[in-house]
Each structure stands twice: as C-alpha cells, then as structure tokens.
Amino acid sequence: MSSTPLLTLEAVSKRYGALTVTDNISLSVHRGETLGILGPNGAGKTTLFNLISGDVRADAGRIAYEDRDITALKPHQRCRAGIGRSYQVPQPFGHMSVFENLVTAACFGGQQPEKEAWHTAVEVLEKTGLKVHANQPAGGLTLLNRKRLELARALATRPSLLLLDEIAGGLTEHEAQELVDELRRIKAEGVTMVWIEHVVHALLSIADRLFVINFGAKLAEGLPQDVMNDPEVQRVYMGMEA
Ligand SMILES: Nc1ncnc2c1ncn2[C@@H]1O[C@H](COP(=O)(O)OP(=O)(O)OP(=O)(O)O)[C@@H](O)[C@H]1O
C-alpha cells in the first residue's frame with residue numbers, strides 16, 4: 001500500500017435542515033485496501049457515499065482523489081476520474097439486457113469508445129458470473145443476480161475505487177459467500193474498495209480496516225479486530241449480526 005491515500009475526506013459535513021447527517025468526517029482510503037463502513041440504520045453511511053460519488057454536495061469540508069480536489073466535481077466527472085459505485089437498491093435499466101446495461105455503464109460512466117465498451121462488458125460478465133444471463137432483461141433477474149449486475153455495472157466503468165453499498169443485504173448465506181468470493185478476486189486485482197455492509201461477518205472476511213459511523217459522526221476506526229472489540233462499537237451493535 002502506498003503512503004499517499006487514494007481518497008481523502010477532510011472535515012466533511014452535510015445537513016438536511018436541522019439534521020446533521022454527516023458530522024465533520026475525516027477519513028483516508030489507501031490504494032489497494034478494503035475499508036469497511038459500519039453503522040446503525042440511518043447513521044449516515046449512504047450519505048457518505050453520496051458525498052464521495054458527488055450525488056450529494058458537501059456543506060463543508062474537502063474531498064481529494066488521487067491528490068486532486070474533487071469537492072466541486074459532478075458525479076459523472078468523479079466516475080470518469082475512477083470512482084465507481086453500486087447502489088443499495090439496484091438501479092439497472094430494467095428493460096435493457098444485462099449486456100446492454102454493462103455496455104451503457106462502460107460507454108457513459110467509463111467514457112470508453114463503443115468497441116472497448118463491448119470488450120469490457122464481456123470481461124465483466126465473465127468476472128461476475130453473469131455470462132449466462134447476458135441477454136436476459138435486467139428487470140427479470142433474481143436478487144443475487146441484480147446485486148451482481150449492480151457490482152458489474154460499477155466494474156464496467158473500470159474504477160480504481162469501488163464503493164459498495166450493502167451488496168450482501170438480503171442474500172442467503174451461500175449467496176453472500178459467492179459475492180464475497182467475487183469481491184476477493186476484484187480486490188486481488190488491485191481495486192481499492194469501500195464497502196458499507198450490515199452483514200458484518202461478510203465484511204470482516206475481506207476488510208483491512210473498519211470505520212464506524214453513528215449519528216453522522218465517526219465512532220471508531222482501525223483494524224477490524226480492534227474496532228469490533230471496542231466497547232462503544234459493541235454497545236451500538238448490540239442485537240446486530242456479528
Ligand atoms: N435527501 C434527504 N433529505 C432529508 N434527510 C435525508 C436525506 N437523505 C438522507 N436523509 C436522512 O439522513 C440520515 C442518514 O441517512 P443514510 O441513508 O445516509 O443512512 P444509512 O446509514 O445509509 O442508513 P441505512 O443503514 O438504513 O441504509 C437518515 O436520518 C435519513 O433519513
């Protein structure tokens with residue numbers, strides 16, 4: 001891992017009216033690492049992703065990516081800079097085939113010329129186990145395959161940073177394990193990942209570090225074992241799957 005972080009957030013805040021949803025968050029993500037994000041429902045995890053991807057603008061603070069200030073960039077500019085994301089609720093073009101969804105992501109998200117986008121789509125289909133569903137309308141996929149497509153669409157933009165929002169949520173144990181295996185292969189290729197996940201044991205099987213958010217603010221950060229043993233984290237997580 002290089003010492004220069006790939007992504008840096010400095011004192012980033014976001015409010016909705018009187019509600020501070022992101023409260024002075026500073027964090028760094030290093031090249032090649034997988035950072036796991038934990039926090040109770042409504043803690044502000046997805047908002048943090050929205051701030052990184054540009055779907056939401058920060059009220060205060062600075063976001064840097066590859067040493068470049070991206071705080072004012074629009075989502076498509078951040079995507080082209082190398083930030084790919086999946087959404088908690090999969091957002092494919094339901095009437096289009098799986099393959100068409102991937103070509104579209106590669107062309108418009110990744111700004112790849114058509115021929116390259118086709119190659120990328122084929123490559124990503126193989127990598128994510130979606131090849132047999134390539135010509136199926138995305139709207140008819142099972143939950144596991146919709147999650148895979150969500151991951152595949154992000155990969156088709158050829159990200160150097162992959163933001164994964166609850167990709168294992170709602171899956172069976174076996175399905176979640178399949179996804180984790182896929183993520184491990186992606187990680188081994190050098191893709192840096194930030195993964196929000198309530199399925200803690202799935203997250204722990206791959207995360208290098210954890211960052212815990214509660215009420216929009218940082219509760220804990222560090223090596224997975226240290227964070228999971230932190231009494232405050234245990235208190236906040238009581239009753240949750242571990
Ligand atoms: N556009 C918005 N307008 C007003 N409030 C919002 C908006 N988006 C999010 N919030 C509020 O911000 C808080 C944090 O939401 P967020 O979705 O970031 O949490 P989360 O940690 O991802 O939750 P979950 O684990 O349930 O997905 C919640 O109270 C939510 O209702």
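This passage walks through a predicted model, taking in its ligand shell, a sheet, a helix and a loop residue.

The ligand makes a handy starting point. Around the ligand sit Y16, V21, G39, N41, G42, A43, G44, K45, T46, T47 and Q88. Sorted by character, the shell comes out as 7 polar residues, 3 nonpolar ones and 1 charged one. Helix α1, which covers residues 45-53, is the top contributor here, giving 3 residues to the shell.

Next comes the sheet. Four strands make it up, lined up as β2-β1-β4-β5, with antiparallel pairing, and the sheet is open. At its edges are β2 (19-30) and β5 (68-69), each of which has a pairing partner on one side only. Helix α1 turns up again at this point: it packs on the sheet and touches β1, β2 and β4 (60-65), with its direction at about 65° to that of β2.

As for β1 (residues 5-16) and β2, the two run antiparallel and are joined by 8 bridges. Two of the residues in β1 show how the strands line up: P5 has H30 of β2 as its bridge partner, while L9 is matched with L27 of β2. In general, side chains along a regular strand take turns between the two faces of the sheet. The hairpin formed by β1 and β2 has 2 residues between the strands, and in it G17 adopts a positive phi near 60°.

Moving along the chain, helix α3 takes up residues 98-109, 12 residues in all. From first C-alpha to last, α3 reaches 16 Å, close to the 16 Å expected at 1.5 Å a residue. Its buried residues are V98, F99, N101, L102, V103, A105, A106 and G109. Among the elements covering those buried residues of α3 are three other helices: α2 (75-81), α4 (114-127) and α5 (143-156). Just past the end of α3, Q111 has a positive phi of about 55°.

Finally, there is L171, found in the loop that links β7 (161-165) with α6 (173-188). Is this residue buried or exposed? L171 falls in between: it counts as partly exposed because 18 other C-beta atoms lie within 10 Å, and a residue needs 20 or more to be buried, or 12 or fewer to be exposed. Leaving out residues up to four places away in sequence, L171 touches L143, L144, K147, A176 and L179. As for I206, 35 residues from L171 along the chain, the C-alpha atoms of the two are 17 Å apart.

Notes: Residues numbered from 1 in each chain as written. Predicted model: local features only at pLDDT ≥ 70, side-chain atom pairs only at ≥ 80, totals over all residues. Near = placed C-beta within 6 Å. Nonpolar A, V, L, I, M, F, W, Y, C, P; charged D, E, K, R; others polar. Pairing = 2+ DSSP bridges. Contact = placed C-beta atoms within 7 Å. Axes fitted to C-alpha atoms, helices over the stretch in contact; angles between N-to-C directions. Expected span 1.5 Å × (residues − 1).
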